[in-house]
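Hello,

Here is the structure I promised to pass on. Please open it alongside this note.

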Amino acid sequence: MIADVVLMHNVGRASNGCFHNIERRYHMNIILLGAPGAGKGTQAEVICKTKGIPAISTGNMLREAVANGTEAGLSAKSYMDRGDLVPNETIIAILKERILQDDCKNGFILDGFPRTVPQAEALETMGVNIDKVIEIYVPDEKIVARLSGRRVCEKCGNSYHVDYKPTKVEGVCDACGGKVVIRKDDEPATVLDRLKVYHEKTAPLKDYYAAKGKLVTVEGQEEVADTTKLTLEALEA
Ligand code: ADP
Ligand code: ZN
């Protein structure tokens, strides 16, 4: 215990006071990449439970900001409703504030960030080291069908699917009892726009992280549990 503190202190001094470098050797900082509806949120939850590190969903954070009527939420809403990305500076500020919180010091799972190369570069500028990037690959044809069955909790953001992951009581969140609804941007026309944005702006991150030797691709399976198995294996790889 004492030895740990001394070690952390020394490492901390060597890292220009950047908090995220202090405990680098104890970290697992993970990014989940994949098209909308590929199942990133579901796998993030599982990793969170098995590894004890927080899952950070920028989509959930933005939806919460919209629901709370904050300034960031008000400016993000129109982008989100039409399936576009919110401006980099808005989301980078939100993400930065989140990962500086105490619960992130032993690592975190990012779901929905970075979504553009400049966002990935912003992580580097912050001094955040990424250990592993897991891409959950699902072909476009399957995405639309999946998203049409997706339901989310208005209150806590938990995600369900009418066929693959139904709530115990229809329309009611298992976790918090909140109302479970269809997300506005899960309507078919908007889903196609989101896929286009994904291929144009987010997919280049695959090359970006592959070049750094950090990318592992997992094929999204029909059964959530099968994807989970592959995802957990990819983490150990
Ligand atoms: P998806 O299911 O499409 O992965 P998310 O729940 O992650 O959706 O995000 C919903 C919306 O929130 C996005 O379509 C986008 O408008 C916005 N958003 C979330 N994360 C980011 C980000 N990193 N950069 C820009 N916009 C984002
Ligand atoms: Zn809920």
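My notes on the metal site and the other ligand follow. Bear in mind that this is a predicted model.

Zinc site first. Four cysteines hold the zinc ion (ligand 2) through their SG atoms: C153, C156, C173 and C176. The donor distances run from 2.3 to 2.4 Å. Along the chain, the donors of the zinc ion (ligand 2) are spaced C-x2-C-x16-C-x2-C. Angles among the four donor atoms span 99 to 116°, and the site is tetrahedral. For reference, the ideal angle for four tetrahedral donors is 109.5 degrees.

Are C173 and C176 buried or exposed? C173 has a relative accessible area of 3%, so C173 is buried, the cut-off being under 20%. C176 reaches 30% and therefore counts as partly exposed.

Now ligand 1. Its surroundings comprise 20 residues, and T58, R63, D84, G112 and R194 come nearest. By class, that shell has eight charged, seven nonpolar and five polar residues. Helix α4 (residues 58-68) gives the most to the shell, with four residues.

Three polar contacts to check on screen:

- T58: a polar side-chain atom sits 2.8 Å from a nitrogen atom of ligand 1.
- V86: a backbone N or O atom lies 3.1 Å from a nitrogen atom of ligand 1.
- R150: a side-chain N or O atom is 3.0 Å from an oxygen atom of ligand 1.

How much of ligand 1 does the protein cover? On its own, ligand 1 has 550 Å² of accessible area, and the protein covers 96% of that.

Best wishes

Methods: Residues are numbered from 1 along each chain as its sequence is written. Chains are lettered from A and ligands numbered from 1 in the order in which they are written. This is a predicted model: local features need pLDDT of at least 70, side-chain atom pairs count only at pLDDT 80 or more; totals for chains, interfaces and linings use all residues. Side-chain values use heavy atoms; hydrogens and water are left out. Donors are N, O and S atoms within 2.8 Å of the metal (3.2 Å for Na, K and Ca); water is not among the atoms, so sites may look incomplete. Four donors count as tetrahedral if all angles lie between 85 and 135 degrees; four count as square planar and six as octahedral if opposite donors are over 155 degrees apart and all others between 65 and 115; anything else is irregular. Buried means under 20% relative accessible area, exposed over 50%, partly exposed in between (1.4 Å probe, protein chains only). A residue is near a molecule or strand if one of its heavy atoms lies within 4 Å of it. A polar contact is a pair of N or O atoms within 3.5 Å; within protein, one must be able to donate a hydrogen and the other to accept it, and residues adjacent in sequence count only if both atoms are side-chain atoms. Accessible areas come from the Shrake-Rupley method with a 1.4 Å probe; for residues, only the protein chains shown count as cover. Helices (H or I, at least four residues) and strands (E, at least two) are DSSP runs, numbered from the N terminus. Ala, Val, Leu, Ile, Met, Phe, Trp, Tyr, Cys and Pro count as nonpolar, Asp, Glu, Lys and Arg as charged, and the others, Gly among them, as polar.
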